[in-house]
Amino acid sequence: MSATNQLRADHDQVRRLEKIVFKCSAELYKGTKIPFSDLTKITMVISEFIDTIHHSREEDSYFPCVASYDTLKEEIRKFMIEHEFGRNIARQISHHLKRWKNGEDAQEPVSRYLRTYAIFLNDHLNKENKFFDDAEANVLSKEEEIEMYEQYRSVFAIVKKVDEMIAEIDYLENQPWAKN
């Protein structure tokens, strides 16, 4: 496997979460009761998998390696801005979820920000996947790809955490509210 393929594999899991987040938002708008524990799991996967693991792989390793060739820098700058935008949306979800748990009527903003996050993920992943194709075909060497991939896999705690996050996505997909 290569670094680019690992990031694509991450995206496959993020796509699954995107669908869950969108479905959750739609169900909340319909008035479906979704357990707070499920909503908390969603925010945890966003924080721990998407931001802490996946975005770190991109921001700390992949993007700098690609940028070192003095190429695709504008695209990388835009992705960094989009990552921060996603973090801001995630903070809003968590903020309004906390309000709702404390008894305030915050179901609508939770639903709205979940929907916004799902739309963001869809758009962002589409653009990054095209970027990966370009970087893989025109910029990165096979050796760099392998070296970055080995770096991603070298921290056992991260590998274990990814497995845990995938298990959480599996759980969420199998909740009654998430099924079509």
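**Note on the helix packing in this model**

1. In this predicted model, helix H2 (residues 36–67) packs against helix H5 (residues 142–154) at an angle of about 165 degrees, and their axes are 11 Å apart. An angle over 145 degrees counts as roughly antiparallel, so H2 is roughly antiparallel to H5. The crossing of this pair is right-handed.

2. On the H2 side, the contact with H5 is made by Arg57, Ser61, Tyr62 and Cys65. H5 contributes Glu144, Glu145, Met148, Gln151 and Tyr152. By class, the residues of this contact are four nonpolar, two polar and three charged.

3. H2 also packs against helix H4, which spans residues 107–138. The axes of H2 and H4 come within 14 Å and cross at roughly 25 degrees. Angles under 35 degrees count as roughly parallel, and H2 and H4 are therefore roughly parallel to each other. Their crossing is left-handed.

4. The residues of H2 in the contact with H4 are Leu39, Ile42, Ile46, Ile50, His54, His55, Glu58, Tyr62, Phe63 and Val66. Facing them in H4 are Leu114, Tyr117, Leu121, His124, Glu128, Phe131, Phe132, Ala135 and Glu136. The class count for this contact is 13 nonpolar, three polar and three charged residues. Tyr62 appears here and also in the contact of H2 with H5.

5. Another partner of H2 is helix H6 (residues 156–173). The two axes come within 10 Å and cross at roughly 145 degrees, and the crossing is left-handed.

6. In the contact of H2 with H6, the H2 residues are Asp38, Lys41, Ile42, Met44, Val45, Glu48, Phe49, Ile53 and Arg57. They meet Ile158, Lys161, Val162, Met165, Glu168, Ile169, Tyr171 and Leu172 of H6. This contact has eleven nonpolar, no polar and six charged residues. Two of its H2 residues recur elsewhere: Ile42 is also listed in the contact with H4, and Arg57 in the contact with H5.

7. Gln107 lies in H4. Leaving aside residues up to four places away in sequence, Gln107 touches Leu28, Gly31, Thr32 and Trp100. Ile50, part of the contact of H2 with H4, is 57 residues from Gln107 along the chain, and the C-alpha atoms of the two are separated by 23 Å.

8. As for the chain as a whole, it has six helices and zero strands. From the N terminus on, the order of elements is α-α-α-α-α-α. The C-alpha atoms fill a box of roughly 50 × 30 × 30 Å along the principal axes. A compact globule of 180 residues would have a radius of gyration near 16 Å, and the 17 Å of this chain agrees with that.

9. The UniProt record, an unreviewed entry, lists residues 4–130 as "domain: Hemerythrin-like". Over residues 4–130 the chain is 88% helix and 0% strand. The C-alpha atoms at the two ends of that range are 11 Å apart.

Technical notes:
Residues are numbered from 1 along each chain as its sequence is written. This is a predicted model: local features need pLDDT of at least 70, side-chain atom pairs count only at pLDDT 80 or more; totals for chains, interfaces and linings use all residues. Side-chain values use heavy atoms; hydrogens and water are left out. Axes are lines fitted to C-alpha atoms, for helices over the stretch in contact, and angles run from 0 to 180 degrees between N-to-C directions. Helices (H or I, at least four residues) and strands (E, at least two) are DSSP runs, numbered from the N terminus. Angles under 35 degrees count as roughly parallel, over 145 as roughly antiparallel, 65 to 115 as roughly perpendicular and the rest as oblique. A crossing is left-handed if the near helix is turned anticlockwise from the far one by less than a right angle, and right-handed if clockwise. Contact means heavy atoms within 4.5 Å. Ala, Val, Leu, Ile, Met, Phe, Trp, Tyr, Cys and Pro count as nonpolar, Asp, Glu, Lys and Arg as charged, and the others, Gly among them, as polar. UniProt positions are given in the numbering used here, feature names are shortened, and annotations may be inferred rather than shown by experiment. The radius of gyration is taken over C-alpha atoms; the globule rule is 2.2 Å times the number of residues to the power 0.38.
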